[in-house]
Amino acid sequence: MRHHIDAALEEAAGALTRLRADAVALGAIERAAQTLVTALQSDNKIYSCGNGGSLCDAMHFAEELSGRWRQNRRALGAVSMSDPSHMSCVANDFGYEQVFSRYVEAMGRPGDVLLAISTSGTSKNILHACEAARARNMRIITLTGRAASAVGALADVDVCTPGGEFADRTQELHIKVIHILIELVERKLCPENY
């Protein structure tokens with residue numbers, strides 16, 4: 001078993017090393033953080049969505065902003081699209097492909113930001129959410145795992161972090177990016193914490 005543990009950690013380290021050397025991705029992270037800061041400075045909201053583990057990442061992102069990350073500070077306006085009653089209602093009445101777009105249509109306002117997470121970059125409900133956000137004059141940040149994806153093409157800022165053959169390495173990079181985004185937002189809006 002030990003060799004499998006070592007192999008998994010080596011693969012993860014390699015994915016992180018590649019991300020650290022990816023100037024395009026690092027620039028996208030910086031632009032994404034500035035997009036979030038600009039929205040929050042204007043009292044706009046950030047909405048996040050994803051499927052499966054990516055929904056868990058979307059929830060984690062929102063609660064770290066609205067709640068607390070490393071130290072106490074004011075709450076920041078972020079919500080994940082994870083209400084089970086909304087999701088089951090929309091999935092039942094309109095189909096699962098609409099669960100996030102209906103939320104964006106109901107809640108999104110011009111100047112708000114959608115953080116849409118899709119490791120494949122092809123999830124139809126994420127695509128529809130991005131289309132709805134565009135129609136509402138929202139800014140769109142995507143976290144994807146494949147270059148030139150359909151989801152990424154709809155973004156103002158696409159942070160693409162190819163992790164390897166499977167989604168797990170991409171998700172590991174996504175959570176690292178999420179933590180960096182939160183830190184950058186805090187450094188700008190709550191400098192007293194640093």
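At what angle do helix H2 and H8 pack, and how far apart are their axes? Before I answer, please keep in mind that what we have in front of us is a predicted model.

Helix H2, which covers residues 23-41, packs with H8 at an angle of about 50 degrees, and the axes of the two helices are 9 Å apart. That angle makes H2 oblique to H8, because an angle counts as oblique when it falls outside the ranges for roughly parallel, roughly antiparallel and roughly perpendicular. The crossing of H2 and H8 is right-handed. If you would like to find the contact yourselves, look on H2 for Ile29, Ala32, Ala33, Leu36, Val37, Leu40 and Gln41, and on H8 for Val177, Ile180, Leu181, Leu184, Val185, Lys188 and Leu189. Sorted by kind, the residues of this contact of H2 with H8 are twelve nonpolar, one polar and one charged.

Let me turn now to the charged side chains. Side chains of opposite charge can pair when their charged atoms come close. How many salt bridges does a search of the whole structure find? The search finds ten, and I will go through a few of them slowly.

One of them joins Glu183 to Arg70, with the closest N and O atoms 3.9 Å apart. This pair links distant parts of the chain, since Glu183 lies in helix H8, residues 167-189, while Arg70 lies in the loop between helix H3 (53-66) and strand S2 (78-80), 113 residues apart. Are these two partners buried or exposed? Glu183 is buried, because its relative accessible area is 19% and the cut-off for buried is under 20%, whereas Arg70, at 52% relative accessibility, counts as exposed.

Another salt bridge is formed by Arg73 with Glu186, and here the closest N and O atoms are 2.7 Å apart. This pair also links distant parts of the chain, with Arg73 in the loop between H3 and S2 and Glu186 in helix H8, 113 residues apart. Arg73 counts as buried at 13% relative accessibility, and Glu186 is buried too, with a relative accessible area of 1%.

My last example is the pair Asp168 and Arg169, whose side chains meet in a salt bridge of 3.7 Å, N to O. Salt bridges that share partners join Asp168 and Arg169 with Glu11 and Glu172 into one network. Within this network, Asp168 counts as partly exposed at 36% relative accessibility, while Arg169, at 8%, counts as buried.

Terms used:
Residues are numbered from 1 along each chain as its sequence is written. This is a predicted model: local features need pLDDT of at least 70, side-chain atom pairs count only at pLDDT 80 or more; totals for chains, interfaces and linings use all residues. Side-chain values use heavy atoms; hydrogens and water are left out. A salt bridge is a side-chain nitrogen of Lys or Arg within 4 Å of a carboxyl oxygen of Asp or Glu. Helices (H or I, at least four residues) and strands (E, at least two) are DSSP runs, numbered from the N terminus. Buried means under 20% relative accessible area, exposed over 50%, partly exposed in between (1.4 Å probe, protein chains only). Axes are lines fitted to C-alpha atoms, for helices over the stretch in contact, and angles run from 0 to 180 degrees between N-to-C directions. Angles under 35 degrees count as roughly parallel, over 145 as roughly antiparallel, 65 to 115 as roughly perpendicular and the rest as oblique. A crossing is left-handed if the near helix is turned anticlockwise from the far one by less than a right angle, and right-handed if clockwise. Contact means heavy atoms within 4.5 Å. Ala, Val, Leu, Ile, Met, Phe, Trp, Tyr, Cys and Pro count as nonpolar, Asp, Glu, Lys and Arg as charged, and the others, Gly among them, as polar.
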